[in-house]
Amino acid sequence: MELWTILRDIVVLLGASLLVGGVFSRFGQSPIVGYLFAGMMLGGPGSLHAVGSEHEIEAIAELGVALLLFSLGLEFSVERLKKLGTKPLLGGASQVVLTMVLAFAGARLFGLGGKESVAFGAMVALSSTAVVLRILSERGEVEMPHGRNCLGVLLTQDIAVVPLALLMTIMGGEGSAGEVLWNIGRLLLMAGGLIVGLMLLTKIAVLTLGTLTLHRNRELTVIFAVVTGLGAAWASHAAGISPALGAFVAGMLLGSSAFATQIRADISPLQVVLLTLFFGAAGMVADPIWIVKNGHIVALVVVALIVGKLLVIWVIFALLGQTTRVSVATGLCLAQVGEFAFVLGSIGRTSGVVSEDTYALVVSASIVSFFLSAFLVPAAPRLGNWVANLTGAQRQSPDETSERTPPPDVAIIGFGPAGQIAARPLVDKGLRVTIVELNQVGVRKAQQLGFHAEIGDATQSDVLEHARLNECKAIVITVPHHQSAMTILKHVRRNAPFVHVIVRSRYEVHTDDFVSAGAHVVTGDEQQVGESLAGHLHQWLVNREPGFEPPSSDSVL
């Protein structure tokens, strides 16, 4: 019965999130705000108590953050992560330390004890990985300069969770100095072993997938994506590391493989469901009655944290050589209290370091800052430009001019015999060509010809989006199956209305359908076969009767 109770609560929470999130989306706001509202109203203290499995749902929902980081890891392969440079990581470490110092000073000023002030600084120093990266991903800004900074800082903060949790335990007086050092050494050893293990497992998995016929067994990549993403999260948790960080490492190691695009698309639906549960569960942590009663204190703390974090990150990245525009945008994106405040607060409360009122204040400030971040993160680039114009600062640095690799010029979807023939004029022409194909034989052939090739099911819009086909100049669809080709064409037309599209039609009867759906040129197999047959028959007649003058090929047809 407990299982069915949890299932009922999950369905109720998702249904309410769908309804309330849809209302907010209808009025041009982020649906995340709706998810938080739904959770706050349905479960937790001060709610309607329609959902009672808060802790179980929260545990399940944490996997959504792990899958989000796994998906981002697929975007940022090891090579691309190196391009982030040291500035975001150094900026993240500096931000955590400086924010803790300032928050400690503020807490002491308002009468908190020494240990509790340190705990308060640790809880508010971290930003929200789930909120920031979710919004940046939706807006396509992860690869922009401020997006790359945010990713580096958030990864650094995820790493900082472990020493901060140890700090909470030490302040609680649990364990001797020797035991603490032993735990730190064991943690570092297990972290190193985990990374090595993930490297070996991903290599074995890629080799295994390479022997499978994915174009006929589509469910294999779905299973592989889920096992890898959730398995890496579990292994990281078992090693005492942030599950999200372990999932990111696993995704990053897979990011260089030809399967990255399809894996990302396959895991996307599960990621959406779990992240929605995460935001709903985050809303259930808050007590709306407590927030209303202590509204003036919560508002003061939230404003102080947003302004303080914005200024801290702005100064740090400005000192690291970033422009005002990027520094301010990065600061505003990260100006909230993250979900790990709940984890650190629980440890501090259990060990007696954090009082109930302080914990309630931090949780309330976190939830309110989640709400505000849904509006602040999208506005970050505009605020950065406004401050840059106001101060007369440089708008762009040389580092910002090469934000992304150039998009493909031509994309060919399907690289069977027809696709290979169509690609012949593109060989050695200096064009950027991307091939999307499920059959690994076709992918290897494309790579041999010097083309960029990705394994993916182009009927999924996520595959087209991540392959950047919406930025192409021309797309050739050679998929023989009529319905699949039509689905791909509709995705292309929806996301890239001005791209030149050439479609293969296996049967003449479907030509008008493709033209109506937006194809510029449709080439029919039946026409090509007929012309070829007519040409061979014409040649046979000439060779059969040298003195005979056969009719034209048109009349033969």
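Here are some notes on the structure above, which is a predicted model.

1. Let me start with the aromatic side chains. A search of the whole structure turns up five aromatic pairs. In one of them, the ring centres of Phe 278 and Phe 279 are 5.3 Å apart and the planes meet at 75 degrees, so this pair is edge-to-face. Both partners are worth checking for burial: Phe 278 counts as buried at 8% relative accessibility, and Phe 279 is buried too, at 0%.

2. Still with the rings, there is a cluster to look at. Phe 24, Phe 37 and Phe 371 together form one aromatic cluster. Phe 24 falls within helix α1, which covers residues 2-26, while Phe 37 falls within helix α2, residues 31-42.

3. A charge meets a ring at Tyr 359. The charged end of Arg 349 sits over that ring, at 4.0 Å from its centre.

4. Helix α1 also deserves a look from the outside. Leu 3, Trp 4, Leu 7 and Val 11 make a nonpolar surface patch of about 450 Å². Trp 4 has its place in α1 (residues 2-26), and with a relative accessible area of 56% this tryptophan is exposed.

5. In the same stretch of sequence you will find a salt bridge. Arg 8 pairs with Asp 9, and their closest N and O atoms are 2.9 Å apart. Is each partner buried or exposed? Arg 8 is partly exposed, with a relative accessible area of 47%, whereas Asp 9 counts as buried at 0% relative accessibility.

6. The salt bridges number six in the whole count. Glu 141 forms one with Arg 139, the closest N and O atoms lying 3.1 Å apart. Here the acid is the buried partner, as Glu 141 has a relative accessible area of 6%, while Arg 139 is partly exposed at 40%.

7. Another salt bridge links Glu 471 to Arg 468, with 3.0 Å between the closest N and O atoms. In this case the arginine is covered: Arg 468 is buried, with a relative accessible area of 11%. Glu 471 counts as partly exposed at 31% relative accessibility.

8. One set of charges goes beyond a simple pair. Asp 409, Arg 432 and Lys 473 are linked in a network of salt bridges. If you follow the chain on from Asp 409, you come to strand β1 (residues 410-413), and on from Arg 432 you come to strand β2 (residues 433-437).

9. That brings us to the two strands themselves. Strands β1 and β2 run parallel and are joined by four bridges. Which residue of β2 is the bridge partner of Ile 412? The partner is Ile 435.

10. How many of the residues of β2 are buried? Five of its five residues are, so to speak, under cover. Both faces of the strand are covered, with Val 433, Ile 435 and Glu 437 buried on one side and Thr 434 and Val 436 buried on the other. Do note that a glutamate is included in that list, as Glu 437 is one of the buried residues.

11. Just ahead of β2 there is a backbone point to check. Asp 428 lies in the loop between α18 (417-423) and β2. Its phi is near 60 degrees, a positive value in a residue other than glycine. Most residues other than glycine have a negative phi. Asp 428 counts as exposed, at 75% relative accessibility.

12. A second positive phi belongs to His 49, at about 60 degrees, and this residue is not a glycine either. His 49 is found in the loop between α2 and α3 (54-75). With a relative accessible area of 55%, this histidine is exposed.

13. Finally, two contacts between parts of the chain that are apart in sequence. Leu 42, in helix α2 (residues 31-42), is 242 residues from Met 284 along the sequence, yet their C-alpha atoms are 7.2 Å apart. Leu 42 is buried, with a relative accessible area of 13%. Thr 86, in the loop between α4 (78-83) and α5 (87-109), has its C-alpha atom 8.6 Å from that of Gly 152, which is 66 residues away along the chain. Thr 86 counts as exposed, at 61% relative accessibility.

Note on methods:
Residues are numbered from 1 along each chain as its sequence is written. This is a predicted model: local features need pLDDT of at least 70, side-chain atom pairs count only at pLDDT 80 or more; totals for chains, interfaces and linings use all residues. Side-chain values use heavy atoms; hydrogens and water are left out. Rings of Phe, Tyr and Trp (its six-membered ring) pair if their centres lie within 6.5 Å; planes under 30 degrees apart count as stacked, over 60 as edge-to-face and the rest as tilted. Buried means under 20% relative accessible area, exposed over 50%, partly exposed in between (1.4 Å probe, protein chains only). A charge sits over a ring if NZ of Lys or CZ of Arg is within 6 Å of the ring centre and within 35 degrees of the ring normal. Patches are made of residues with over 30% relative accessible area and no salt bridge: like charges are joined within 9 Å, nonpolar side chains (Val, Leu, Ile, Met, Phe, Trp, Tyr) within 5 Å. Accessible areas come from the Shrake-Rupley method with a 1.4 Å probe; for residues, only the protein chains shown count as cover. A salt bridge is a side-chain nitrogen of Lys or Arg within 4 Å of a carboxyl oxygen of Asp or Glu. Two strands pair if DSSP finds at least two bridges between them.
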